[in-house]
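Hi everyone, thanks for coming. Today I'd like to walk you through one structure, a few spots at a time. Have a look at it first, and then we'll start.

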Amino acid sequence: MHSLLTLSLAILLLPLFSFVLLIFFGKKFYEKSGHVGTAILGIDFLLTFYVAIQKLTDTTNEVFSYSFTWVDFHSTIPLKLDLGIMLDNVGAVMLMVVLLVSFLVHLFSLGYMKGDVRYSKYYAYLGIFTFSMLGIVLTNNFFLMYMFWELVGLSSYLLIGHWYEKKSAADAGKKAFITNRVGDFGFFIGIMILWFNYSSLSFDHIYSSIAHGILPFGSSGWLTAAGIFIFCGAVGKSAQFPLHVWLPDAMEGPTPVSALIHAATMVAAGVYLVVRTFPMLTADALMIIAYIGAVTAFISATIAIAQYDIKKILAYSTISQLGYMVMGLGVGSYSAGFMHLVTHAAFKAGLFLASGSIIHAMHHALHHVNDHHTDAQDIRFMGGLRKKMPITFWTMIVFTLAISGVPLTSGFLSKDAILAGTLAYNHFTGQTLIPLIGFFVAGLTAFYMFRMIFIVFFGEHHDAHRLEHVHESPRTMTIPLITFAAVSFFAFYSFNPFSAGDGWFFQKTAVPESVVPQAVRAASAEAFGEELHHQHYLAMGLSLTMAALGILTAMLFYYWKKFSADKVVAAVPRLFTFLNNKWYFDELYQKTAVNGTIGIAKLLAWFDAKIIDGIVNGAAWLTRLVAVISGKFDHIVVDGIVNFTAYFTGFFGLVFRRIQTGKVQTYIIFALVGAMVLFYVYR
Amino acid sequence: MHITLTHYLLVSAALFSFGVFAVISKRNAIIVLMGIELILNSANINFLAFSRFGNLNMEGQMAAIFVIILAAAEAAIALAIVLNIFKRFNTVNVDEVSTLKD
Amino acid sequence: MEIKFLHIGILTWITFLPVLGMIVVLLLPKEQKQAIRWTSLAFTILQVILAVVIFQNFDRTLAGINSKEGMQFVEQYRWIDIKSTSWIGRIAIDYFVGIDGISVPMVLLTALISCIAVISSFSIEKSIKGYFALLLLLDTGMMGVFVALDFFLFYVFWEIMLLPMYFLIGVWGGPRREYAAIKFFIYTLLGSVLMLLAMLALYFSVTIKDGNEVIHTFNMLAMMNPENFVHGSLLEGVGTSWRYVAYIALFIGFAIKVPAFPFHTWLPDAHVEAPTAISVILAGVLLKMGTYGLMRIAFPIFPDAAIHYLYPLAFIGFINIIYGAYCAMAQKDFKKLIAYSSVSHMGIVLLGMAAMNTQGMMGAMFQMFNHGTITAMLFLIVGVIYDRAHTRGLDDFGGLMNKMPKYSGIMMIAFFAALGLPGLSGFISEAFSFLGAFQTFKWLTIASAFGIILTAAYMLWTLQRVFLGTLPEKWNNLTDINGREMAMLVPLAVIVIILGIYPSPVLDLMNSSANALVDFVKNSAGIAMLGQ
């Protein structure tokens, strides 16, 4: 095993150690649990830093991989399940992202979760989450991927339901897990297809088999299907349409958890899965992926406009940005999609932590003024926080600029690259809808993000007394914010602030060779890259225009107050209700899927109790009926005959008892006479 | 006079008849018992006679000895019964002992 | 491989140890409650030790299935020999025991579950002498079923196990215990009758050489060899309709035990009424006897019929999975819910073995073992709460997580194992079963895999209703689990976790046999189909 790989293994296992330690000895550590967890993650982060730097500065771009046989079926056809880990450039970058965010969230939680009822459990769960997420990053096969995939689902479930006394939190956790299971169902079907055809689940083996022309069930249609089925897992985990409904509800969890799991890492796992399966995706599969991404980006951006809960806004913006990434990968902008994952992880984690900082401060202030009814997360009750929370304000501005795609930020680089990709895609396939949605959503994003900024930080706080008690958060909470703000600048990704294409990132995460047959392959990487160059300036111009338009509109509405948002709402009340209610997806699913399932369950339970068991009991009843009838028959007919015989005998007895004198001698006479008679007869 | 099988049988039949007569007509249980003994002995005479005239070696004698033993046992038991009857009914008159009828 | 103590083979020991225990228990005065309990525990622990010895010495390379040489720890003695019945011929029945890869996990499971059931029974107060005596007898019956290689012996053990079960449910059970006990008894007896008919038909069709004499036999291994069938007998040949009939008779006999749809309705009633320990044994071991019987008897003796009816078998598995999950979802009684989840999980076993390939068969066997441990945990968990609250209504609870943290931790393991979470043993067996089944039945498996969503739904829903939310006032005096309850739950939890991460210890046990079984059935049936 290569030494970097050994280190990766250590990186993988350290958070698990943290989990085991805290789950068993959490009571002992109690107050110190947070420090224990954070310290372990700190070490882990340093290790990762070393590994990632080593890996990314290595010029050979070699992929380190190690497998061992986990289960050997010893059958006549060689059949075994190899598991293992691997480390390539994409993995190294991802390791870095996961551990940076995880470590900073650990740090942030020291302040945010202080005094929580289940403080040690919280850190334990963060540990197991980090472990499973690292597992997804490092695995080299679908089986282990699926295992860790479900494990992150578990930790997400546990953390969303951290405050499970609240029914909404418990419901949200359950919803997240089950919705993810729906996606995983598809993922598992994909795995079954691959296992059937290749008797192996390792990426390498499957891709090389496909490259050698061995297609699932011998048809490229099945290859597309396999890709789509596996993508189903990503749809669930990355909250893509139509399974996006769980993510906004998942905001019931503590805010640092939202930052770690539901903004930066776990939801990006779906995108990472597409990255990993990219070589085997056919043009058709990619097109479906691109459309799913575009539709998701559009729907959630429109919903985000009409929300008032700060975390809900961020949640929908997350879904929208995830849609962007998926769309980017779908159109073939592999590096851009992945880069957007990375940049988004930083600024979105930052946004969530900043919102956590605000919510924390609001809670504090509300507590001081003895107000227990006002929702601490509703932006309508905020306003004017700029002066009170300067660090939070300025970092949040950076994040918002980044997500809106303003130059000099990381977000600009990646978003621009994705949009250029959509234009190039349009050139090759004529799917005009995708770039249209892409640019439109870019404008929407800028609009709703700045709407939030202006409402929260500018204007007047509508209760001056309460504002008095709003304070900046402690240092454990601001340091992560500043760090995230720092890595939201372009320089970390590319030295050219206007193009990601020349930076190290694109060099190191170049699109892998597609293995699918020529006929069903998307445009070749070279041709695509060339077209990208052509479209670059157009894309940049358009995206800048859209961002500017969005910001301008937000300023007109919420800063300069030239227009009243309320009037717009009043003008289109139906549209607003529709958006405010999230396109009624929850209601739809509740009415169809949930109620349908429960209805079927009740029906089948009734069927089981009444019909199936009824037949059984009916058989028993019938048997008893036969028994009763035969009992009666026995009593009346059979026993009747017996009784009649007895009666008959008794009658004769009466007759014959005359000759029974009771005297032995009489009997002897009878015997003698009888003997003589017999003698006479048989003489 | 040459004694033939017929003579033996006649003696035996007479003995049997006396026995039967005693058993049937006498009221006293003891006499009834003695009648039974007569019947058994008539059978013994028959055994011996057939053994003597039928060239049956000693089998007749064997049967007779068996009957004698049996008679002895029977007499013992019967006397015990009679004793018990006497104790119970204070009589040995068989006519009065008719509980078998009930 | 042979291990003997006092010239008696280890399998005889492990099978009849509980009977020894039963005799000791019966000799104890009934006031000595503690002595009775600890004696029973001592004997079952001894049984577990023997099981570990077997585990250690079991040769993983031998396959067994149809060869006596492949069987391990074999003991064979003439048991019944009636020479002079002119119209049947000589009846010679062997005491023939031995184990291979199919039975050894079941032997381990039986020893383990019996021991845990005894620990769980410590809370029984009603005439405990009779209770423990019956429990130990039940233990012998179960163990005997898994070691018997003679069909007659198998049948005897199968019936031995029925009687204690009937009384344990009927006397120590809940309010509707008589109904449940009689339903269980009659249902199983119906299966037994069909099995008996098939067994007799086989007996009169199969002969072996005993010395110079040709005699009929109940030897299962002999029944697997087509050459042993008498020419012109009822079940001779391949693919004849009588063989199909006999297979179906056997199948129904076993399906009732599994329980396969539509023969499953005795299960929820029996579970709800039975005391905790009996539910544990019922779900942990008894259900496996059905699928074990299919693997041990029905498949290798009738490979032609088995292959012919693979699709119906898989379809029943599919119905079990989906139907069981839906029914579970609608239940309001905690125990009933778990009973239906057993129906669903046993469906996976049926589906896996219907795949008739290595992964499917291994998945099915492993699922049998895992379902034994996981469901045992689930029933113990219900038992713990029932002992304290005297109700099992799902809607009566809430927020137990705060009140009973240790309990809730173990409950989490059991629930997530049951819903097939990776890292816990249930996932591996489910995944293998599905992976295997997909090779044979593409669409049916996809439809069955839908069950994993339903399972997650009802499990999490239950978890939420009982453990999350706020604690109702009336349960404020509930206490967390005590040492005895930990002693029965923790070993199972450890097994579930270890096998979830590293399943090879158990998979290796059954690997050779699973392969041999699949090859044997396929080859025999293949030859059969060629011959037609």
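Let's begin with a threonine. Thr391(C) has a relative accessibility of 17%, and because buried means under 20%, Thr391(C) counts as buried. Before we go on, please keep in mind that this is a predicted model.

So where along the chain are we? Thr391(C) lies in the loop that runs between helix H14 (358–389) and helix H15 (400–403) of chain C. Its side chain makes a polar contact with the side chain of Asp396(C), at 2.9 Å. If we set aside neighbours within four places in sequence, Thr391(C) is in contact with Tyr386(C), Asp396(C), Phe397(C) and Trp475(C). Notice that Asp396(C) turns up both as the polar partner and among the contacts.

Let's move along chain C to a serine. Ser408(C) is in helix H16, which covers residues 405–418 of chain C. Is Ser408(C) buried or exposed? With a relative accessibility of 2%, Ser408(C) counts as buried. The side chain of Ser408(C) reaches a backbone atom, the oxygen of Met404(C), at 2.7 Å. Beyond its neighbours within four places in sequence, Ser408(C) is in contact with Leu400(C), Met401(C) and Phe467(C).

Now for a whole helix. Helix H9 of chain C, residues 266–273, has eight residues, and eight of the eight are buried, so this helix is largely enclosed by the rest of the structure. You may like to find them on the screen: the buried residues of H9(C) include Trp266(C), Pro268(C) and His271(C). Charged side chains are on that list too, with Asp269(C) and Glu273(C) among the buried residues.

Next, a quick word on cysteines. Cys327(C) is buried, with a relative accessible area of 0%, and Cys115(C), at 10% relative accessibility, counts as buried as well. How many disulfides does a search of the whole structure find? Over all chains, the search finds zero.

Let's step back and look at how the chains meet. There are two pairs of chains in contact, and of these, chains A and C share the most contacts. Chain B and chain C, on the other hand, do not touch, and their nearest C-alpha atoms are 38 Å apart.

Here is one residue where chains A and C meet. Ala457(C) sits in helix H19 of chain C and is buried, with a relative accessible area of 16%. Not counting residues up to four places away in sequence, Ala457(C) touches Ile178(A) and Met329(C). Ala457(C) is also 38 residues from Leu419(C) in sequence, while their C-alpha atoms are 8.8 Å apart in space.

That brings us to my last stop, a pocket. The second largest pocket has a volume of about 1,200 Å³. Of the 35 residues that line this pocket, the closest to its centre are Lys174(A), Lys175(A), Ile178(A), Gln590(A) and Val594(A). We just met Ile178(A) as a residue that Ala457(C) touches. Which elements give two or more residues to the lining? They are helix H6 (167–198), helix H9 (246–249) and helix H24 (585–656) of chain A, along with helix H19 (451–467) of chain C. H6(A) gives the most, with ten residues. As for the character of the lining, it divides into 18 nonpolar, eight polar and nine charged residues.

That's my tour, and thanks for listening!

Methods: Residues numbered from 1 in each chain as written. Chains lettered and ligands numbered in written order. Predicted model: local features only at pLDDT ≥ 70, side-chain atom pairs only at ≥ 80, totals over all residues. Heavy atoms only, no water. Helix = DSSP H or I, 4+ residues; strand = E, 2+ residues; numbered from the N terminus. Buried < 20%, exposed > 50% of the residue type's maximum accessible area, 1.4 Å probe, protein only. Polar contact = N/O pair within 3.5 Å; in protein donor to acceptor, adjacent residues only side chain to side chain. Contact = heavy atoms within 4.5 Å. Disulfide = S-S within 2.5 Å. 1 Å grid on protein atoms, 1.4 Å probe; cavity = no way out; pocket = protein on both sides within 12 Å on 5 of 7 lines; lining within 4 Å. Points joined across faces, edges and corners; volume = space filled by probe spheres on them.
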